[in-house]
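Subject: Structure for your review

Dear colleague,

Please find below the structure that I am handing over to you, followed by an account of what was found in it.

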Amino acid sequence: MVEAAARTRDLSQARIAIDQTPAIGRHGRTSNQERAEFATAERLLPGGALGGNALPGDTRFVFARGDGSRFWDSSGNEYIDYVLGSGTMFIGHAHPKIQKAVSDQVARGTHFFAYLNEQAIELAQRVTPYMRCAERIRFTTAGSDSTFHAIRLARGFTGRAKVLKFEGAYHGVHDYAQLSTAPKQSTNFPTAVPDTAGIPEVVQDLMLVAPYNDVETLTSILAEHGHEIAAVIVEPIQRIISPKPGFLQAIRDLTRQHGIVMILDEVVTGFRYGLGGAQEYFDITPDLATYGKILGGGLPVGAVAGRADIMDQANPSNKGQPGYVYQNGTLQGHPLGCAAGLATLDILEEPGLYDRVFAMADKLRAGLQSVFDDHDMGLLVFGEGPMWHMLFTDRVPQNWRDITATDTRKLAAFEAEMIRQGLFVLPNNRRFISIRHTEQDLVDTFEAADRACQTFKGH
Ligand SMILES: Cc1ncc(COP(=O)(O)O)c(C=O)c1O
């Protein structure tokens, strides 16, 4: 595989010699239209940004359109997309089946409120057989909704208030999630560190934090606090860090032992590591699982799925009674999103699809590693299945502190260079590959990475 990647890269180097004008990337090309859009965004949006992420300096751009594995900015520059809507567009941009499903549905009405609709019922029927823990499912509108409601269900079920998460794990935007996702300073476990202003101290006191991949520390925290913990929430692959063999099963065993609800956050892994997600891939059955991203084919659909006795607390006919857990959202079960989700399943159920994308991801990692090695960059490319990352290190990280021990500033500077060269990667975060990335994308990626190394070393 490494040889194949090297051959592909030789090819791409031949191209560099012939064609000195890079086909992809920004290279200073900014249209008057995009300049005007930046100015409007800066005037009206906090920090000129739509959310918590803004690209630094000259790497920023305005998305104009996407197709398959690529997109164009509003200056007409082309990029290969390894961000993919933060992993949402596993099926690539503007898939013809999604276009048809959404336009057919919009002609029949966009949304009717969270009462029953045909698309949501059909989506529930189609997806639950793939979700091991799913005796019931409730659709939400995003991953954050899903984790928030899973936590409330766990609290209702156990009558306990505290929740344990792992250091470096991301579970969304709400107060119970924005603790110790990316702590700048290390504290002793299990103390939680807020990632944002605006979280009351009382919330902080309700959250406990453990190191990922460390059964011993988890065991001792649960021995002391297990009786007051409602849920342990875990990303099966924490950002990009794979679980050590037995780690997820140890969480399963310990949570059972302490009467704690195990929430597997499959917002990223769901439908990415196979139709059965991480539950099938790692052979693990949690009490609840949370979904988002791929489930709605690029539209806002999430879900909480799990054991009937926990989920049925949200039965609306019990409203007002003890033990009823309120779960709702104006936009949930959204027909457009569910129609896109159904079309996504049609695409993902094609035999051999996951084998192909896993093989493509292996090729991408091997090829990039060989480019970086040729330039003595000291970068390690790693990851499992359709997610990948790179760090200035010589060993694959096993927890958050392993990542912070690497030179993340230098990495951010190199990633900016990759973006300039037309490879859109999530700065300082893991990245994705879609089912629509092609051999040509790999050739162009290795060429762009090669240019990025040359430019980076030249500074
Ligand atoms: C594992 C995980 N859980 C939850 C979320 C929150 O999802 P959303 O951004 O859709 O609210 C994310 C978002 O990236 C995630 O990666």
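In this predicted model, helix H15 meets helix H16 through Lys 410, Ala 413, Phe 414, Glu 417 and Met 418. The residues on the H16 side are Ala 452, Cys 453, Thr 455 and Phe 456. By class, this contact consists of 6 nonpolar, 1 polar and 2 charged residues. H15 covers residues 408-420 and H16 covers residues 439-457. Their axes lie 9 Å apart, at an angle of about 125°. That angle falls outside the ranges for roughly parallel, roughly perpendicular and roughly antiparallel pairs, which begin or end at 35, 65, 115 and 145 degrees, and H15 and H16 are therefore oblique to each other. The handedness of their crossing is right-handed.

A second helix pair is formed by H8 (residues 215-225) and H9 (residues 247-257), whose axes cross at roughly 15° and come within 10 Å. Because angles under 35 degrees count as roughly parallel, H8 and H9 are described as roughly parallel to each other. The crossing of H8 past H9 is right-handed. From H8, the contact involves Val 215, Leu 218, Thr 219 and Leu 222; from H9, Phe 247, Ala 250, Ile 251 and Leu 254 take part. There are 7 nonpolar residues and 1 polar residue in the contact of H8 with H9, and no charged ones.

The third pair to report is H5 with H12. Here the angle is about 35° and the axes are 8 Å apart, with a left-handed crossing. H5 contributes Gln 119, Ala 120, Glu 122, Leu 123, Arg 126 and Val 127, while H12 contributes Pro 335, Cys 338, Ala 339, Gly 341, Leu 342, Leu 345 and Asp 346. Sorted by class, the contact of H5 with H12 holds 8 nonpolar, 2 polar and 3 charged residues.

I turn next to the empty space in the model. There are 2 cavities of 30 Å³ or more, and the second largest cavity has about 40 Å³ of space. Its lining is made up of Val 127, Phe 271, Ile 294, Leu 295, Gly 341, Thr 344, Leu 345 and Leu 348. Helix H12 (residues 335-348) supplies the largest share of this lining, with 4 residues. In terms of class, the lining of the second largest cavity has 6 nonpolar and 2 polar residues, with no charged ones. Val 127, Gly 341 and Leu 345 in this lining also appear in the contact between H5 and H12.

The second largest pocket holds about 540 Å³ of space. It is lined by 20 residues, of which Ala 114, Tyr 115, Leu 116, Arg 138 and Gln 332 are the closest to its centre. Two or more lining residues come from each of helix H5 (118-127) and strand S4 (136-140). By class, the lining of the second largest pocket has 13 nonpolar, 5 polar and 2 charged residues.

Strand S4 also contains Ile 137. Leaving aside residues up to four places away in sequence, Ile 137 touches Ala 124, Val 127, Thr 128, Met 131, Ala 303, Val 304, Ala 305 and Met 311. Ile 137 and Thr 290 are 153 residues apart along the chain, and their C-alpha atoms are separated by 9.7 Å.

Two points of backbone geometry complete this account. The peptide bond that leads from Phe 189 to Pro 190 is cis, and its omega is near 5°. Pro 190 belongs to the loop between strand S5 (162-166) and helix H7 (201-206). Ser 86 is not a glycine, yet its phi is positive, at about 50°. The position of Ser 86 is within helix H3 (residues 84-87).

Yours sincerely

Notes
Residues are numbered from 1 along each chain as its sequence is written. This is a predicted model: local features need pLDDT of at least 70, side-chain atom pairs count only at pLDDT 80 or more; totals for chains, interfaces and linings use all residues. Side-chain values use heavy atoms; hydrogens and water are left out. Axes are lines fitted to C-alpha atoms, for helices over the stretch in contact, and angles run from 0 to 180 degrees between N-to-C directions. A crossing is left-handed if the near helix is turned anticlockwise from the far one by less than a right angle, and right-handed if clockwise. Contact means heavy atoms within 4.5 Å. Ala, Val, Leu, Ile, Met, Phe, Trp, Tyr, Cys and Pro count as nonpolar, Asp, Glu, Lys and Arg as charged, and the others, Gly among them, as polar. On a 1 Å grid over the protein atoms alone, a cavity is a set of points where a 1.4 Å probe fits but cannot get out, and a pocket is an open set with protein on both sides within 12 Å along at least five of seven lines; lining residues have an atom within 4 Å of a point. Grid points are joined across faces, edges and corners, and a volume is the space filled by probe spheres set on the points.
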